[in-house]
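Work through the exercises below with the model open. Each one gives a task, then a solution in steps.

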Amino acid sequence: MSETTSTAAPFLSVKNLVVEYSTRTGPYRAVNDVSFDVARGSTLAIVGESGCGKSTVAKSIMRLLKPTSGSIHLDGTDLLTLSESELRPLRKKFQMVFQDPYGSLDPRQTAEEIITEPLKIQKMASAAERTQEAKRLLDRVGLPASALYRRPNEFSGGQRQRIGIARALASKPELLVCDEATSALDVSVQAQVLQLLAEIQAETGISYLFISHNLGVVQEISEQIVVMRRGELVESGPTRQVLCSPSADYTRSLRRAALDPSRMQGIKPRHLLAGLAG
Ligand SMILES: Nc1ncnc2c1ncn2[C@@H]1O[C@H](COP(=O)(O)OP(=O)(O)OP(=O)(O)O)[C@@H](O)[C@H]1O
């Protein structure tokens, strides 16, 4: 933590973010003037229908694309003003877990190579120390040490996602951006991974930006929520408040859709109904 940063200051602060993609028909504004803060050690969720710009916000924070305008402060530093070389030492502070645990892991690498890669890139620790750390991380995400030498195709989807989480945690990040990180998993495996993320947050004080289209998941994991539609922020605030008494029609329609039994994949009805009853 920077000594000048007060604990009350948001760890992540996104202000007036605008992202335009260049397309054959001209610029396409995928994110339009979106602002939100994530407090240190807390979880903010971004929800909204497919194509509303959630992943574009995530990629902007990770600097996987260059926003058109706005600012993204991480622990007081505007990431958008930094050059690649200035950004490199900060990269270990923020990591991402992707939706597809298979596609995001190199099939040729062993779990050990996958997990220790960020440490190698950052030149953190010796080879022996990196192996020790890989074992510790595997244990932390509930996998045996024998998993070190196995490749992604030898694991189940849930196990692969645990490896993705172990890799993301290797550089001891202070922010984890989870883009639909549990969406591809069975309901029970999804619950285990959410539990794991919650435990890690309680232990380390890490902040999460959690992107999901699943209101049940979001309600379980986040304290704050941002609802997006067509690139714009529709509504934001404490998760329970926004989901229990939404002020926007759009949030109400998302909520209705989540309560539609035919669309309740992955949602625990008991939780959702209890939370939305008010
Ligand atoms: N590289 C690109 N070039 C042009 N348009 C893009 C590009 N990437 C995304 N878009 C468009 O920008 C909009 C926002 O996309 P984005 O992937 O951020 O949405 P999303 O909310 O994450 O959707 P999903 O939940 O389906 O992943 C969509 O209309 C999408 O088609």
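Two strands pair if DSSP finds at least two bridges between them. Keep that cut-off at hand; the model is a predicted one.

**Exercise 1. Find the bridge partner of I46 in β8.**

Step 1. Locate the strands: β3 covers residues 43-47 and β8 covers residues 207-211.
Step 2. Check the pairing. Four bridges join β3 to β8, and the two strands run parallel.
Step 3. Read off the partner: I46 bridges to I211 in β8.

**Exercise 2. Place β3 and β8 in their sheet, and state which strands stand at the edges.**

Step 1. Write the order: β6-β7-β8-β3-β9-β10, six strands in an open sheet with mixed pairing.
Step 2. Name the edges. β6 (94-97) and β10 (232-238) each pair on one side only.
Step 3. Add the twist, which averages 15° from one strand to the next.
Step 4. Add the helix. α1 packs on this sheet and touches β3, β6, β7, β8 and β9. The direction of α1 makes about 150° with that of β8.

**Exercise 3. Explain why β2 and β5 each have a side without a neighbour in the sheet.**

Step 1. Write the order of the four-strand open sheet: β2-β1-β4-β5, with antiparallel pairing.
Step 2. Look at the ends. β2 and β5 (77-78) stand at the edges with a single partner strand each, so one side of each has no neighbour in the sheet.
Step 3. Turn to an inner pair. β1 and β4 (residues 69-74) are antiparallel and share five bridges. V14 has I72 as its bridge partner in β4.

**Exercise 4. Describe the shell around the ligand: how many residues, and from which elements?**

Step 1. Count: 13 residues surround the ligand. The closest are Y21, A30, S50, S55 and T56.
Step 2. Assign elements. β1 (12-23), β2 (26-38) and α1 (54-61) each supply at least two residues. α1 gives the most, with three.
Step 3. Sort by class: four nonpolar, eight polar and one charged.

**Exercise 5. Characterise the packing of α3 against α4.**

Step 1. Choose the descriptors. Two packed helices are described by the angle between their axes and the distance between the axes.
Step 2. Apply them: α3 (residues 111-121) and α4 (residues 127-140) pack at about 115°, with axes 9 Å apart.
Step 3. Give the handedness. α3 passes α4 in a right-handed crossing.
Step 4. List the contact. α3 contributes A111, E112, I115, T116, L119 and K120; α4 contributes R130, T131, E133, A134, L137 and L138.
Step 5. Classify: six residues are nonpolar, two polar and four charged.

Note on methods: Residues numbered from 1 in each chain as written. Predicted model: local features only at pLDDT ≥ 70, side-chain atom pairs only at ≥ 80, totals over all residues. Near = placed C-beta within 6 Å. Nonpolar A, V, L, I, M, F, W, Y, C, P; charged D, E, K, R; others polar. Axes fitted to C-alpha atoms, helices over the stretch in contact; angles between N-to-C directions. Left-handed = near helix turned anticlockwise from the far one by under 90°. Contact = placed C-beta atoms within 7 Å.
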